[in-house]
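Here are a few notes to go with your first look at this one. Have the viewer open as you read.

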Amino acid sequence: MIASVRAFRRGPLLGLGGKRTLANDRKIPKVPRYADQVKSLKCSDYESLKVASEVRKARGDIPLETDVLIIGGGVIGSSIAYWMMKLVEKGLNIVILEKDPTYHRCATTRSAGGIRQQFSLPENIQLSMFGAQFLSDYKHYLGDDAPDIHFNPEGYMFLANTDSGAQQMEENFKVQKQMGARVRLYSKEMLNQQFPFLNVEDVKLASYGLQNEGWFDAWSLLQGLKEWNLRHQISYVHGELVDFRFVEEILGEYSTRRRTNEAIIRLPNGFLLDMTFSEAVVCAGADSGHVGRILGCGEGEEILSVPAPVEPRKRGVYSFHAPDAPIVGFPFLIDPSNTYVRREGLGGHFICGKSPNKEDDNGEDIDLESVDESWFYEVIWPALAKRVPAFENIKLKHSWCGCYDYNYFDENAIIGKHPYFKNISFCTGFSGHGLQMAPGAGRAVCELILEGGYQTIDLTRFGFERILMGEPLKERHIV
Ligand SMILES: Cc1cc2nc3c(=O)[nH]c(=O)nc-3n(C[C@H](O)[C@H](O)[C@H](O)COP(=O)(O)OP(=O)(O)OC[C@H]3O[C@@H](n4cnc5c(N)ncnc54)[C@H](O)[C@@H]3O)c2cc1C
């Protein structure tokens with residue numbers, strides 16, 4: 001472990017063989033720097049020179065080569081970069097490529113901000129427990145100046161109203177306890193006593209988080225990470241990854257292998273820029289499947305015939321005022337209908353939502369400018385009013401939507417190196433719970449790339465390999 005960290009401290013990573021390799025070995029020809037490229041242009045070629053000088057202007061001080069290229073600067077990408085720099089401290093070049101630095105469309109800033117320990121898979125429970133620890137010690141990690149994340153401690157409460165649902169809940173509970181999460185099961189009688197504002201007539205069992213659950217301001221976490229990263233010489237580059245340059249490596253008489261260590265980036269003014277990297281991480285949120293396609297995943301043969309199964313799935317969030325509803329002790333409630341509701345502040349405001357039914361969730365509508373309010377009036381509100389009679393009297397105030405980075409294979413994160421492109425990792429597909437897992441997932445990817453394997457939470461099962469094998473690793477607690 002130490003040896004590999006030391007190797008990083010010595011200098012830039014050695015990349016792939018061939019001309020495009022990051023050159024810290026004198027025998028390998030150096031990647032031509034921008035200035036060299038300009039010199040090699042013919043003077044007579046005035047148009048090219050003009051373009052080159054505009055590219056130089058547009059490029060500013062964007063690095064042309066980097067040890068690690070992180071594609072997507074949301075909470076996941078920013079967390080990966082944070083952990084890498086934290087581990088290595090100096091000498092590692094990290095570029096975070098972000099096509100929209102306003103973060104207008106990204107999932108991070110549009111999320112509901114929830115964190116819970118109540119998952120079915122041990123890995124997800126561990127990731128979330130680490131997320132809670134990170135948030136509770138937030139200023140220690142990100143510095144005293146980091147913006148306040150306004151953590152609201154409040155347990156999630158899942159309700160089960162069928163025997164199979166109750167059985168699944170008990171199984172999940174056992175795993176959560178084994179992992180050290182503080183969760184308690186509630187019978188109908190216990191619920192009636194402690195949460196009299198709930199209608200639990202049909203409820204068979206409930207589970208309620210006693211610690212490390214609640215919600216927080218996702219924007220502030222992203223800003224905190226970004227500010228720390230900028231202070232530690234991590235470059236955020238405004239641009240979109242549009243392609244890779246591939247080299248065909250001949251392995252034998254009949255076999256070749258594609259490799260890449262060069263990204264093609266479109267700058268805001270339309271110019272294209274090549275950036276050489278040693279390692280890249282795809283954490284482009286809902287667009288990760290698209291980036292996978294650019295890599296050739298799902299477009300080729302054998303391993304490359306399998307796509308990165310991530311696509312945008314639109315989810316609405318609705319904010320309402322309920323003057324009669326209780327505030328104190330109101331849990332982050334997950335109804336058996338999968339409708340969720342939590343309070344927002346202490347003035348009688350709540351936010352809620354519900355994912356569409358599987359058969360209607362086809363990913364066709366990803367327009368983030370329009371939210372289907374009929375979904376609130378016809379589906380969500382009736383479910384809420386049935387569960388909490390005080391919600392009979394509410395007023396919808398506003399709504400917004402965002403896209404889950406939805407893994408349509410098994411609704412679970414894909415974390416690890418791509419089995420074909422060994423220098424490209426994925427960290428995506430969280431399907432609605434990536435925010436809370438960002439600290440743990442970022443640390444895990446950092447370990448994988450810098451240490452060569454997981455050191456803290458073993459996320460081997462989250463790797464791409466399960467998709468190649470057609471073996472889903474289902475997370476049962478998806479909201
Ligand atoms: C409505 C809603 C509610 C949610 N609620 C919760 C919750 O309560 N708790 C929780 O834990 N999670 C929640 N989530 C999920 C969580 O928000 C996401 O899993 C998490 O934010 C994913 O982070 P990310 O960095 O991978 O993606 P994003 O935040 O989407 O960031 C990805 C970034 O990549 C950039 N990008 C994409 N393609 C390219 C490219 N080609 N080149 C350069 N940049 C590119 C995008 O511009 C974007 O900024 C919710 C999500 C939604 C939509």
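1. Start with the ligand, bearing in mind that this is a predicted model. There are 41 residues around the ligand, and the nearest of them are Gly72, Gly74, Gly285, Gly402 and Gly434.

2. Which strand gives the largest share of the shell around the ligand? That's β17, with four residues. At least two residues each also come from other elements, including the helices α4 (75–88), α5 (107–110) and α13 (434–451) and the strands β2 (94–98), β10 (240–250) and β13 (310–321).

3. As for what the shell is made of, count 18 nonpolar residues, 15 polar ones and eight charged ones. Domain 1 (2–30 + 62–107 + 221–309 + 411–469) and domain 2 (145–216 + 314–406) each put at least three residues into the shell.

4. Next, have a look at the open sheet of three strands, ordered β3-β8-β4 and paired antiparallel. β3 (114–115) and β4 (152–153) are the edge strands with a single partner each, so each has one side without a neighbour in the sheet. Two bridges join β4 to β8 (residues 214–215) in the antiparallel sense, and Asn152 sits opposite Trp215 of β8.

5. Finally, helix α12 (residues 373–387). With 15 residues at 1.5 Å a residue, α12 should span 21 Å, and this agrees with the 20 Å between its end C-alpha atoms. Where is the kink in α12? Look at Ile380, shortly before the proline Pro382, where the kink is about 40°. Ile380 is also buried, as are Phe376, Leu384 and Arg387 in α12.

Technical notes: Residues numbered from 1 in each chain as written. Predicted model: local features only at pLDDT ≥ 70, side-chain atom pairs only at ≥ 80, totals over all residues. Near = placed C-beta within 6 Å. Nonpolar A, V, L, I, M, F, W, Y, C, P; charged D, E, K, R; others polar. Domains from an automatic or database assignment. Pairing = 2+ DSSP bridges. Expected span 1.5 Å × (residues − 1). Bend = angle between axes of the 7 residues up to and from the residue. Buried ≥ 20, exposed ≤ 12 C-beta atoms within 10 Å, placed from the backbone.
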